[in-house]
Amino acid sequence: MTERYSYDVVIVGGGAAGLRAAIAAASHSDKLSVAVISKVYPMRSHTVSAEGGTASVLKEYDSFELHASDTIKGGDYLADQDAVEAFVKEAPSEIIQLEHWGCPWSREPDGKLAVRAFGGMSVKRTVFAADKTGFHMLHTLFQHSLRYPNIIRLDEWFVSSLIMEDGMVKGLVALDLRTRELAFIASRAVIMATGGAGRIFQFTTNAVIKTGDGMAMAYRAGAPLKDMEFIQFHPTALPGSGILITEASRGEGGYLINKDQERFLKRYTPEKMELGPRDILSRALITEIREGRGYEGPFGSYVLLDLRHLGEELIDRKLPFVRELARNYAGIDPVHEPIPVRPAVHYTMGGIHTDVLGRTPVAGLYACGEAACVSINGANRLGSNSLSECLVFGRAAGVDAATFALSKKGQGEIEDSNLLNPVGEYLRIDEEKIYGLLKREGGGERLSDLRSHLQSIMDTNVGIFRDSSGLQEARRQIRELRTGLQRAAIDDKGTVYNTEVIEAFELGFMLDVADAIAYSALIREESRGAHYRTDFPKRDDKNFLFHQLSYYSPGGPVIKHLSVSITKWQPAERKY
Amino acid sequence: MQKATETINIRVKRYLPENEPRNFYQKYEVKYFPKMFVLDALNYVRDRLDGTLAYRWSCRMGVCGSCGALVNGIPRLTCATPLSALGKGVTIEPLHNFPIIKDLVVDLGDFMEKLGRIKPWIIRERDRVIEEGEYEQKPAELELYSQFSACINCMLCYAACPVYAGDVDFIGPAASALGYRYNLDSRDEGAEKRLEVLTEGAGIFDCTFVGECSVVCPKSVDPALAIQRLKIDSALTSLKSILKREKS
Ligand SMILES: Cc1cc2nc3c(=O)[nH]c(=O)nc-3n(C[C@H](O)[C@H](O)[C@H](O)COP(=O)(O)OP(=O)(O)OC[C@H]3O[C@@H](n4cnc5c(N)ncnc54)[C@H](O)[C@@H]3O)c2cc1C
Ligand code: SF4
Ligand code: FES
């Protein structure tokens, strides 16, 4: 018998966005049951790795106007300006809220919240907890969430599909890792807070769980994905592992140096130097390397991030994690030696299309955090806006989903109706996927081969520099990989903690998201923010100042256009 | 990518609940590259040799707390343990003192319950509203609890703790350290409530101060110190309440 559960609000994901949404929904009304489903224990979510900080206007010298204009310019004028304005106004309350909940934010000598400089931000406005900001935010949120008896957790459960009926979300199918059993989880509202999709690429700062699951599930259920072509590269990751060295190291004064011992950014972002936006800096690094001014190492070419002049005391106080990571994973002590770095895939600007309340066009379906695209990040996110975004729109989605669920609650119990159809149908499809894998005997393709093939296609063809033929080639190979996945075989036939079954689902999600990225990139014949086309190297506002919405169809994404909301800031040339 | 030049053998303790026998050691030959971590070796096995091997990992940068295991008998994060530090033989086993679900995956249910029990949140008579702004906290006040807030819940300390080995009801190192972290926070007023929880049943007084927890902790949390200080705080609190009673 299939297990069946029902909750008023279900949140998929226990990162910053998911937990913030859960707390908002649970505190909205204690009559609501709020479930948080996560494929890893919530405190293992990728948010835990965030280092540098979270942006908000808290100081007298700063203003909403300034934070908004920095964000809009940083996003190369693709962000929705009304959404950005709403975001910057809400962000300070959220930072204070976390402070009240116990987040150990770093402080000024007088006890007020400290702020640091970050790329593309014209004043210091990034609040931080040393260089473990995400870690502290996540643990604070998780610990605080334990106060709410109406938050129920399904830890180490994997969601495989959304269940739809008459264009509305009715719940989802989820698999308990302990038993491999699929369950039907009925819900009045579902919030996707499943994070980004960086693991579609090989060289990435992202944790292994970032496979775009929620994006793919929402997409398949009929919600469009927005602006998928915009993938952020972070300029400073460790060669080999891709482990991030935070932008805060430049915010605190670090230099980027090429083989000629030159602070080469003077040729790219002369005013901002190391604090230019990530899209421009990442291209600058690769250009230096291509023109022979990089160093060569066992894991490819790189440049150097020099922190030595900051001194041991500052590094230990403000960047202790950078020192720990560089020592452990590069064998280098940044107090005495510069750190080798190169750009790596870092963040998905695109995601599930939502409004400022977290609503998708599908009734009852919400999204927030990196899985969503509101859009405040436009074509290039500014560092430290993402954690604030998780809080602001996590809360908004939680409140709105709770209100929606309450209004439905008046209309009776979560219906049992139609349990066989379409619920039975959805369960059957996922069950067949699992049994297909289990019964296929050896000789099939290995999941790990398929996955690394996808990752290398994406690195090669959908990276920092793109062109039409590369993008078409990527799409062709993604199609082949789909056939490959249908033939894949796994070693593990067991029921308990079968992680290969999970990986197979994840690879399916990754392929859908990868294709939406490649296709959106192919038809955006201009260069904007993080999307750079060598065959169309200029921004083209006349023909491309719009969002691209990808709708799912079995043959591949169908693209529709959505205009960008422009309130006060007319598109202008970006100079830093 | 670096070319693999040689191979090494690793030995993994397996536990397959649906197999006969359930428990056994398995050897794998893994391609070796310099700067390789124990986690890389496990990933090599899973990707190339044997997809049935189960273990947890996510961040691969020592911060998510997923990947704890015994490496040559010592509780460690597999993603932060370079193979070069290990000498010839490498044996990987699940963390001690937890029920095993499969292979290196252990059951954390007990800890998750204890975590909630110690009330790891700010407790106040009256909460501030947002409009009142932040609570001021001087850098020195932050410094006071900062080390105890660095716990990644990796469970290495529980695996090393002889008291927990003898009695799973023991509240244990990480939960105590977290309770202490909130007790030290200048914004918090819940210390007494937490001390009650931390001392009832198999609470902190069961700790015999072996200190193994602090030795294995990868984040220098020093849970042993937290427990010792909590014992003193608890003794002082009871002393105070006795004095109060005698006065009245
Ligand atoms: C190394 C690094 C450093 C960063 N530093 C900063 C920074 O300093 N400042 C900043 O603003 N941003 C930073 N970012 C970006 C920021 O950390 C992320 O965008 C943000 O944490 C995303 O949070 P989230 O809640 O949306 O998702 P995540 O934290 O990724 O959480 C996703 C959740 O969804 C769950 N999930 C996913 N799929 C499923 C499924 N199928 N079934 C069940 N559960 C599922 C996961 O278990 C997890 O709980 C950084 C990113 C990286 C990679
Ligand atoms: S106290 Fe240290 S060893 Fe124990 S769970 Fe926390 S980080 Fe791990
Ligand atoms: S994988 Fe995250 S701590 Fe090791």
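A residue counts as buried here when its relative accessible area is under 20%. By that cut-off, 53% of the 248 residues of chain B are buried. The model is a predicted one.

**Chain B overall**

Chain B holds nine helices and seven strands. Its C-alpha trace spans about 75 × 40 × 30 Å along the principal axes. The chain exposes about 11200 Å², and carbon and sulfur atoms supply 51% of that area. Among contacts in chain B with a separation of 6 or more, 62% link residues 24 or more positions apart.

B:Ala160 gives a local example. This residue lies in helix H4 of chain B, residues 156-160. Its relative accessible area is 16%, so B:Ala160 counts as buried. Leaving out residues up to four places away in sequence, B:Ala160 touches B:Pro75, B:Glu212 and B:Val216. B:Asn97 is 63 residues from B:Ala160 in sequence, yet the two C-alpha atoms are 8.3 Å apart in space.

**Nonpolar cores**

The largest nonpolar core has 170 residues. Members from both chains touch the most other members: A:Trp105, A:Ile191 and A:Ile339 are among them, and so are B:Ile10, B:Leu83, B:Tyr158 and B:Phe170. Which helix gives the most to this core? Helix H10 of chain A, residues 385-409, does so with nine residues. Apart from this core lies another, of 87 residues. A:Val345, A:Phe465, A:Leu507 and B:Ile101 are among its members.

A:Trp105 has contacts in both chains. Beyond its neighbours within four places in sequence, its partners include A:Ile95, A:Leu98, A:Leu113, A:Phe128 and A:Met137. Chain B contributes B:Leu142. A:Thr54 and A:Val127 also touch A:Trp105.

**Strands in chain A**

E3, E5 and E4 of chain A form an open sheet in that order, with antiparallel pairing. Its edge strands are E3 (54-55) and E4 (115-116), each of which pairs on one side only. Two bridges join E3(A) to E5(A), residues 126-127. Within that pair, A:Ala55 has A:Thr126 as its bridge partner.

A hairpin is made by E19 and E20 of chain A. E19(A) covers residues 546-551, E20(A) covers 558-563, and six bridges pair them in the antiparallel sense. A:Phe546 stands opposite A:Ser563. Six residues lie between the strands, and A:Gly556 takes a positive phi near 125° in this hairpin.

**Ligand 1**

Ligand 1 is surrounded by 40 residues. The closest are A:Ser45, A:His46, A:Thr47, A:Gly53 and A:Glu370. Several oxygen contacts can be listed.

| Protein partner | Partner atom | Distance to a ligand 1 oxygen |
|---|---|---|
| A:Ala17 | polar backbone atom | 2.9 Å |
| A:Ala193 | polar backbone atom | 3.4 Å |
| A:Ser386 | side-chain N or O atom | 2.8 Å |

How much of ligand 1 does the protein bury? Taken alone, ligand 1 exposes 1000 Å², and the protein buries 99% of that. H10(A) supplies the largest share of the shell, four residues. Other elements of chain A that each supply at least two residues include H1 (16-28), E2 (34-38), E7 (157-165), H5 (213-220) and E15 (339-348).

**A:Glu156 between the chains**

A:Glu156 sits in the loop between E6 (151-155) and E7 of chain A. Is A:Glu156 buried or exposed? Its relative accessibility is 7%, so A:Glu156 counts as buried. Its side chain makes a polar contact of 2.7 Å with the side chain of B:Arg56. Leaving aside neighbours within four places in sequence, A:Glu156 is also in contact with A:Ser38, A:Lys39, A:Val40 and A:Tyr41. Further partners include A:Leu175, A:Asp176, A:Leu177 and A:Tyr497.

**Helix H9 of chain A**

H9(A) covers residues 320-330. Its buried residues are A:Phe321, A:Val322, A:Arg323, A:Leu325, A:Ala326, A:Tyr329 and A:Ala330. These pack against H8 (312-318) and E15 of chain A. A:Gly331 follows H9(A), with a positive phi near 65°.

Terms used. Residues are numbered from 1 along each chain as its sequence is written. Chains are lettered from A and ligands numbered from 1 in the order in which they are written. This is a predicted model: local features need pLDDT of at least 70, side-chain atom pairs count only at pLDDT 80 or more; totals for chains, interfaces and linings use all residues. Side-chain values use heavy atoms; hydrogens and water are left out. A nonpolar core is a set of buried Ala, Val, Leu, Ile, Met, Phe, Trp, Tyr and Cys residues joined through side-chain atoms within 4.5 Å. Buried means under 20% relative accessible area, exposed over 50%, partly exposed in between (1.4 Å probe, protein chains only). Contact means heavy atoms within 4.5 Å. Two strands pair if DSSP finds at least two bridges between them. A residue is near a molecule or strand if one of its heavy atoms lies within 4 Å of it. A polar contact is a pair of N or O atoms within 3.5 Å; within protein, one must be able to donate a hydrogen and the other to accept it, and residues adjacent in sequence count only if both atoms are side-chain atoms. Accessible areas come from the Shrake-Rupley method with a 1.4 Å probe; for residues, only the protein chains shown count as cover.
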